[in-house]
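I opened the file to make a few notes on it. The entries follow in the order in which I looked things up.

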Amino acid sequence: MEYSLFCHYFYALSVSPVKKKLGLLFIMLLLWVYMLYSCVGYCATMPPGLVVDNNDNNRAKETDFLGKYAEAESGRSDLMMSKLLSRPQSSWTDVESDYDEPSFRRAPIDFSKDEGDVDRADEWDDGRRVSSLSSFSNGSGNKKLPQAIIIGVKKGGTRALLEFLRVHPDIRAVGAEPHFFDRNYDNGLDWYRDLMPKTLEGQITMEKTPSYFVTHEAPARIYALSRNTKLIVVVRDPVTRAISDYTQTLSKKPDIPTFESLTFKNRTTGLIDTSWSAIQIGIYAKHLDNWLQFFPMSQILFVSGERLISDPAGELGRVQDFLGLKRIITDKHFYFNQTKGFPCLKKAEGSSKPHCLGKTKGRTHPNIDPEVVQRLRDFYRPFNMKFYQMTGHNFGWD
C-alpha cells in the first residue's frame, strides 16, 4: 500500500506542467552553457584592440625571465648585439613606412579608432564580423608574446599567408602589423604583449611585420626576447617583387618617377641603384646573412610566394609542419578566383562565406621595358644563387 502511494505521488509530480517546463528550461540552460564552453578558443575572429592586462605577477615573472636570460647569454652574444644595435639603420629602410598594411603606431593612441582598422576591413572583400560567441571566447586565455613571427618580405605574400594560417584553430594572430622590433621597440614588452590576442593552452601566438627582414636591429632584438622564436619569410622573384612594390607606391603617389628611372643610377651604363628600397629588399642573401648571426637555419622557414598562389595547401602544409601543428588547412579550404588571379578561402576564420584578398592586393602592374627587366634579372642572378645555396632550396627565379 505504501509503495503504491509513493508511485502515485511520483507520477503526479512527473506529469506536473510546471515541473515539465522547469525541467526543459534547465536542460536548455545546460545545453547553452555546453555550446559556449565548446566554442571557447575556436570562435575568436578579429584580434581585439589594446587591452590592459592586470596580471602584474605574470608580467613581472616574464620581465625577470628575460632579464636573467639576457644576462646568461651575454658572454655569447654581447659582441654581436653591440655591433648590430649600435649601427645606424640604412636610409633605404625608411621607405618601409610606405606599407599599405595596417600597423600600430606609438602610444598613446586610441586603438578603437586606428586608421589601420579601416584598411583592415578592406583586406577581405566581405569584411568579417565578430559574433557574440566570439566575444565570449575573447575573455578567456592569456596574452602571450609571439612564438612565431612572419618577418618578411614586403609584397611577397605575407598578408595572404597570415590570413590562411588564421583558419587553423591552434593559431592566434594579431591582424595589424605591430612593427615592434623596428619602429616601436621603445614602447616596451608590455605594450607589445597587449597587442596580442588571448590564447589557450596549446595555441600559438603569431604576428607579421615584413619590414623586420630588412631591419638591421631586428634579429638581435628578437633573439633577446626569445632565441626559440620561429621565423617565417615569404620570398618572391625579386624582379616581380620590385615591380609590385613600385606599383603599390604608384597607387598612392601617381606623380613619382617611372620605374625605369628609379632602377638605374645611370641608364646608359646600366648601373643599378641599390639605394632604392624596391631593389634593396630583393637582395635576400644579404639580409639573411644578418639573421644567421643569431638564428640557425632550422628556425627559419622560407615560403615560396609563387607556390603560395599555385599550391596554397602545399605551402600551408609546410608551415604547419614547421610550427609543429596538425595539418588541418588543406585543399578543401581554397578555391582559385580567376578574376583576381589569387587563391581564396572557401570559409575564412569566423565566417561562413568565401573570402578573397581585398582591392589593395593583386594590382595590375604597369608595363615595364623588357630590357630593364632583363638587366634586373642579370643583377639579381648572383644574389639569387647565393640565396639558393644558403637555404638549400632553388626557387626557380632564373
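**Entry 1: Gln203**

I started at Gln203, which sits in the loop that runs between β4 (198-199) and β5 (204-208). I looked up whether Gln203 is buried or exposed. Its relative accessibility is 7%, so Gln203 counts as buried, the cut-off being under 20%. Next I asked what the side chain of Gln203 reaches. One partner is the backbone oxygen of Pro169, at 3.0 Å. Another is the backbone nitrogen of Leu200, at 2.7 Å. I note that the model is a predicted one.

**Entry 2: the chain as a whole**

I then took the overall values. The protein chain has 398 residues, and 47% of them are buried. I count its secondary structure as 15 helices and eleven strands. For the accessible surface of the protein chain I have about 20,100 Å², with 57% of this belonging to carbon and sulfur atoms. I also checked how far apart in sequence the contacts reach. Of the contacts in the protein chain between residues at least 6 apart, 76% join residues at least 24 apart.

**Entry 3: confidence**

I looked up the pLDDT. The mean for the protein chain is 77, and 65% of the residues reach 70 or more. Over residues 5-10 the pLDDT stays under 50, and I find zero contacts beyond four places in sequence for them in the model. Residues 40-99 also have pLDDT under 50 throughout. For this second stretch, however, the model has 111 contacts beyond four places in sequence.

**Entry 4: salt bridges**

How many salt bridges does the structure hold? I have 15 on record for it, and I went through some of them.

I took Arg159 and Glu163 to begin with. Their side chains meet in a salt bridge at 2.9 Å, N to O. Both residues belong to helix α6 (residues 158-165) and are four residues apart, about one turn of the helix. Arg159 and Glu163 are both buried.

I went on to Arg327, which forms a salt bridge with Asp321; the closest N and O atoms are 2.5 Å apart. Arg327 has a relative accessible area of 46%, so I list it as partly exposed. Asp321 is partly exposed too, because its relative accessibility is 43%.

My next pair was Arg381 and Asp398, whose side chains meet in a salt bridge at 3.9 Å, N to O. This pair links distant parts of the chain: Arg381 is in helix α15 (residues 370-391), Asp398 is in the segment after α15, and 17 residues separate them. Arg381 counts as partly exposed because its relative accessibility is 32%. Asp398, at 46%, is likewise counted as partly exposed.

I also noted a network of salt bridges, which links Arg307, Asp311, Glu315 and Arg318.

**Entry 5: a nonpolar patch**

Last, I looked at the surface. Which residues make the nonpolar surface patch of about 410 Å²? I find Phe26, Ile27, Leu30 and Leu31. I followed up Ile27, which lies in helix α2 (residues 17-39). The relative accessibility of Ile27 is 46%, so I enter it as partly exposed.

Definitions and conventions
Residues are numbered from 1 along each chain as its sequence is written. This is a predicted model: local features need pLDDT of at least 70, side-chain atom pairs count only at pLDDT 80 or more; totals for chains, interfaces and linings use all residues. Side-chain values use heavy atoms; hydrogens and water are left out. Patches are made of residues with over 30% relative accessible area and no salt bridge: like charges are joined within 9 Å, nonpolar side chains (Val, Leu, Ile, Met, Phe, Trp, Tyr) within 5 Å. Accessible areas come from the Shrake-Rupley method with a 1.4 Å probe; for residues, only the protein chains shown count as cover. A salt bridge is a side-chain nitrogen of Lys or Arg within 4 Å of a carboxyl oxygen of Asp or Glu. Helices (H or I, at least four residues) and strands (E, at least two) are DSSP runs, numbered from the N terminus. Buried means under 20% relative accessible area, exposed over 50%, partly exposed in between (1.4 Å probe, protein chains only). pLDDT is the predictor's confidence in each residue, from 0 to 100. Contact means heavy atoms within 4.5 Å. A polar contact is a pair of N or O atoms within 3.5 Å; within protein, one must be able to donate a hydrogen and the other to accept it, and residues adjacent in sequence count only if both atoms are side-chain atoms.
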